[in-house]
Amino acid sequence: MGFKSVFHILGTAILTLGLSASSTLAQSDPLSAWNEGTTKQAIVDFVAAVTTDGSADYVAPADRIATFDNDGTLWSEQPMYVQLAFALDRVKQMAPDHPEWAETEPYKSVLAGDLKGLAATGEKGVLELVAVTHAGMTSDEFTKIASDWITTAKHPKTGKLYTEMVYQPMLELIDYLHDNDFKVFIVSGGGIEFMRPWTEKVYGIPAERVVGSSIKTEFKVVDGEPVITRQAALNFLDDKEGKPIGILNHIGKRPIAAFGNSDGDYQMLQWATAGDGKRFGLIVHHDDADREVAYDRKSVFGKLDKGLDEGPALGWTIVSMKNDWKQIYPAP
């Protein structure tokens with residue numbers, strides 16, 4: 001065999017081994033949907049710091065608490081919150097039994113398909129809508145209604161199931177934290193009983209690790225059966241200042257990492273990152289108009305203004321969906 005043949009064989013073998021190694025590395029990257037850069041590196045560095053035994057920043061597994069907002073952080077919140085879409089569908093289903101709604105806000109705007117009219121009723125109108133459409137039944141009945149809806153409901157623009165409108169980079173991040181012995185919680189302004197039936201299937205986060213808003217409930221015995229009934233009144237709003245309170249009440253520990261996308265998450269990140277030791281705060285900035293939706297300071301849903309201005313000075317990482325995410329949604 002000539003020298004040229006030997007070099008050709010060796011060269012081919014080296015190239016093959018190199019490609020194989022590259023492929024293996026790509027497959028083993030737990031954050032493969034994230035582009036290489038300072039944002040991805042900040043995540044990796046933080047996790048390494050708090051999980052390396054003997055490190056000055058080491059945190060015991062029991063204290064590795066990470067909290068994630070849901071809407072706009074883990075899945076799409078445009079053109080409206082998913083739970084609001086659920087409430088609108090509920091209004092239409094319930095309308096035949098409520099003829100007075102045709103002339104009463106916020107129901108009148110919903111039935112007319114007038115989202116601007118609904119928005120004009122403000123937070124009070126939306127809260128009333130959610131309270132009424134989510135009440136008057138047992139907790140078990142509501143769980144079934146919400147579960148049935150989420151398995152078939154589709155996004156109005158993409159035609160995909162809402163559960164397919166989750167963000168692949170954040171799914172990877174949750175798995176990465178789980179693999180490094182973090183306890184991951186959802187802390188959302190959304191309804192706690194609306195989210196709990198499906199979070200484990202979609203995110204791998206069990207129901208007992210979901211913190212959210214709630215309506216008042218009452219224990220009763222009906223026809224000999226003990227039930228919990230849902231009432232048309234707000235019990236707790238898990239948003240803004242409510243998020244740290246919800247975390248303390250449900251989890252009992254301050255997170256060492258918090259992830260959000262709007263000013264509604266500001267206080268959660270503020271509280272989490274103000275604690276002792278190594279801390280991490282991250283805000284997802286929706287700046288990708290081509291692959292998702294670009295919005296921030298003037299958005300009705302997911303407004304990001306204060307966090308965008310003050311986050312960097314507080315040491316928070318600002319994610320550019322456009323530049324930091326290689327992929328937005330899971331592959332079909």
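How many aromatic pairs does a search of the whole structure find? The search turns up 18 aromatic pairs. Keep in mind as you explore that this is a predicted model. Below are two of the ring pairs, a cluster, and two charges that sit over rings.

**A stacked pair: F68 and F259**
- The ring centres of F68 and F259 are 4.2 Å apart and their planes meet at 10°, which is under the 30 degrees limit, so this pair counts as stacked.
- F68 belongs to strand β1 (residues 65-68), while F259 belongs to strand β5 (residues 257-260), so the pair ties together parts that are 191 residues apart in sequence.
- F68 is buried, because its relative accessibility is 0%.
- F259 counts as buried too, with a relative accessibility of 2%.

**An edge-to-face pair: F194 and W198**
- Here the ring centres of F194 and W198 are 6.2 Å apart and the planes are at 80°, which is over 60 degrees, so the pair is edge-to-face.
- F194 has 2% relative accessibility and therefore counts as buried.
- W198 is buried as well, at a relative accessible area of 4%.

**A cluster of rings**
- F194 and W198 are also members of a cluster that ring pairs link together.
- The other members of this cluster are W75, F86, F142, W149, Y162 and Y203.

**Charges over rings**
- F142, one of the cluster members, has the charged end of R230 over its ring, 3.8 Å from the ring centre.
- Over the ring of Y266 sits the charged end of K306, 4.5 Å from the ring centre.

Note on methods. Residues are numbered from 1 along each chain as its sequence is written. This is a predicted model: local features need pLDDT of at least 70, side-chain atom pairs count only at pLDDT 80 or more; totals for chains, interfaces and linings use all residues. Side-chain values use heavy atoms; hydrogens and water are left out. Rings of Phe, Tyr and Trp (its six-membered ring) pair if their centres lie within 6.5 Å; planes under 30 degrees apart count as stacked, over 60 as edge-to-face and the rest as tilted. Helices (H or I, at least four residues) and strands (E, at least two) are DSSP runs, numbered from the N terminus. Buried means under 20% relative accessible area, exposed over 50%, partly exposed in between (1.4 Å probe, protein chains only). A charge sits over a ring if NZ of Lys or CZ of Arg is within 6 Å of the ring centre and within 35 degrees of the ring normal.
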